[in-house]
Protein chains: 2
Amino acid sequence: MSTMETFKATTKILEGGLSVESSSRNFKVILDEPKSLGGTDKGMNPVELVLCALGGCQGIVAKAYAKHKGIDLKDFWVELEGDLDVRGFKGDPNVRPGFQEIRFKMHMKTDASPEQAKEFAKFIENTCPVGDSLANGVSLKLSDVVVEKP
Amino acid sequence: MSTMETFKATTKILEGGLSVESSSRNFKVILDEPKSLGGTDKGMNPVELVLCALGGCQGIVAKAYAKHKGIDLKDFWVELEGDLDVRGFKGDPNVRPGFQEIRFKMHMKTDASPEQAKEFAKFIENTCPVGDSLANGVSLKLSDVVVEKP
């Protein structure tokens with residue numbers, strides 16, 4: 001049996017402004033930009049959603065592995081922040097459009113020692129699929145462009 | 001004036017199962033895993049959310065730049081898919097936990113020629129901050145682990 005899974009999503013643009021809707025299976029999320037970046041603020045923006053995906057992935061890894069790793073995890077939360085130079089998005093060819101750095105601070109409520117907690121945090125960081133995708137990059141392919149006349 | 005912006009998010013775990021909640025500013029998203037991956041399916045999973053962020057980012061770039069690039073864009077949508085070998089997440093040290101490849105197919109409703117549409121698609125691909133973050137990687141830093149006794 002193959003261990004490769006293919007996950008899917010679709011994005012469509014919404015009427016007006018910069019808002020779009022992305023969906024995967026039966027779940028949806030509205031994305032937009034804040035007014036300061038030209039949008040109408042109907043949802044978080046895509047780079048904020050990336051931080052949400054990274055934190056969410058770390059939270060799920062924490063929940064999935066705590067018992068197995070001998071950590072009695074009573075609570076867990078993560079604060080994330082990422083720096084991005086907006087000149088890249090605005091067309092400056094000398095500035096990358098993406099994140100330059102993402103930092104995360106993990107909080108655990110547990111009886112585990114600080115050393116055990118730190119080791120578990122490193123395990124979470126390294127096992128998280130979203131973290132690996134961002135830290136080590138992914139092969140991205142524009143597979144097709146389909147043009148339809150109005 | 002600095003052109004560097006710092007975006008933020010927070011994730012907290014929810015009661016039971018693998019579900020977590022990520023938020024950025026006043027927006028929230030619930031993440032979970034499908035039953036086939038051990039969750040209770042209350043939301044999309046983090047790697048699906050990454051695909052949603054990538055497609056959303058491409059949609060916002062398309063909307064933001066179409067007029068500027070001379071494209072009369074009547075509609076735009078993207079289908080995305082990403083391959084991930086679940087052995088990585090399950091602990092196999094020889095398999096990366098993250099995506100191995102992400103493909104996307106852009107659809108445009110426009111009077112533009114196929115060549116113009118293709119050129120615009122490449123522009124979207126290269127200007128999208130989420131795409132750049134994934135394609136070229138980001139420096140990720142576990143800045144702190146804070147332990148609180150129950």
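Me: Between helix axes, an angle over 145 degrees counts as roughly antiparallel. With that in hand, and bearing in mind that this is a predicted model, why are H1(A) and H1(B) called roughly antiparallel to each other?

Reply: The two helices pack at an angle of about 175°, and their axes lie 9 Å apart. Since an angle over 145 degrees falls in that class, H1(A) and H1(B) are therefore roughly antiparallel to each other.

Me: Which residues of H1(A) and H1(B) meet, and how do they divide by class?

Reply: From H1(A) come A:Pro46, A:Leu49, A:Val50, A:Cys52, A:Ala53, A:Gly56, A:Cys57 and A:Ile60, and they meet B:Pro46, B:Leu49, B:Val50, B:Cys52, B:Ala53, B:Gly56, B:Cys57 and B:Ile60 of H1(B). By class, this contact holds 14 nonpolar residues and 2 polar ones, with no charged residue.

Me: Why is H1(A) called oblique to H3(A)?

Reply: Within chain A, the axes of helix H1 (residues 46-65) and helix H3 (residues 129-136) come within 7 Å and cross at roughly 135°. An angle counts as oblique when it is neither under 35, nor from 65 to 115, nor over 145 degrees, and the crossing therefore makes H1(A) oblique to H3(A). On the side of H1(A), the contact is made by A:Val50, A:Ala53, A:Leu54, A:Cys57 and A:Val61, while H3(A) brings A:Pro129, A:Val130, A:Gly131 and A:Leu134. Of these contact residues, 8 are nonpolar and 1 is polar, and none is charged.

Me: How do you know that the two chains have the relation of a two-fold axis?

Reply: Chain B is superposed on chain A by a rotation of 180° with 0.0 Å of shift along its axis, at an RMSD of 0.0 Å, and that is why the relation is that of a two-fold axis. The same surface serves both copies, since 100% of the contact residues of chain B recur in chain A. Among the residues of chain B, B:Gly137 comes closest to the rotation axis, its C-alpha being at 2.1 Å.

Me: What lines the largest pocket, and which element gives the most to it?

Reply: This pocket holds about 320 Å³ of space, and of the 19 residues that line it, A:Ile60, B:Glu33, B:Leu37, B:Val86 and B:Phe89 are the closest to its centre. The element that gives the most is H1(A), with 5 residues. By class, the lining is made of 14 nonpolar, 3 polar and 2 charged residues.

Technical notes:
Residues are numbered from 1 along each chain as its sequence is written. Chains are lettered from A and ligands numbered from 1 in the order in which they are written. This is a predicted model: local features need pLDDT of at least 70, side-chain atom pairs count only at pLDDT 80 or more; totals for chains, interfaces and linings use all residues. Side-chain values use heavy atoms; hydrogens and water are left out. Axes are lines fitted to C-alpha atoms, for helices over the stretch in contact, and angles run from 0 to 180 degrees between N-to-C directions. Helices (H or I, at least four residues) and strands (E, at least two) are DSSP runs, numbered from the N terminus. Contact means heavy atoms within 4.5 Å. Ala, Val, Leu, Ile, Met, Phe, Trp, Tyr, Cys and Pro count as nonpolar, Asp, Glu, Lys and Arg as charged, and the others, Gly among them, as polar. On a 1 Å grid over the protein atoms alone, a cavity is a set of points where a 1.4 Å probe fits but cannot get out, and a pocket is an open set with protein on both sides within 12 Å along at least five of seven lines; lining residues have an atom within 4 Å of a point. Grid points are joined across faces, edges and corners, and a volume is the space filled by probe spheres set on the points. Copies are superposed by least squares on the C-alpha atoms of residues with pLDDT of at least 70 in both.
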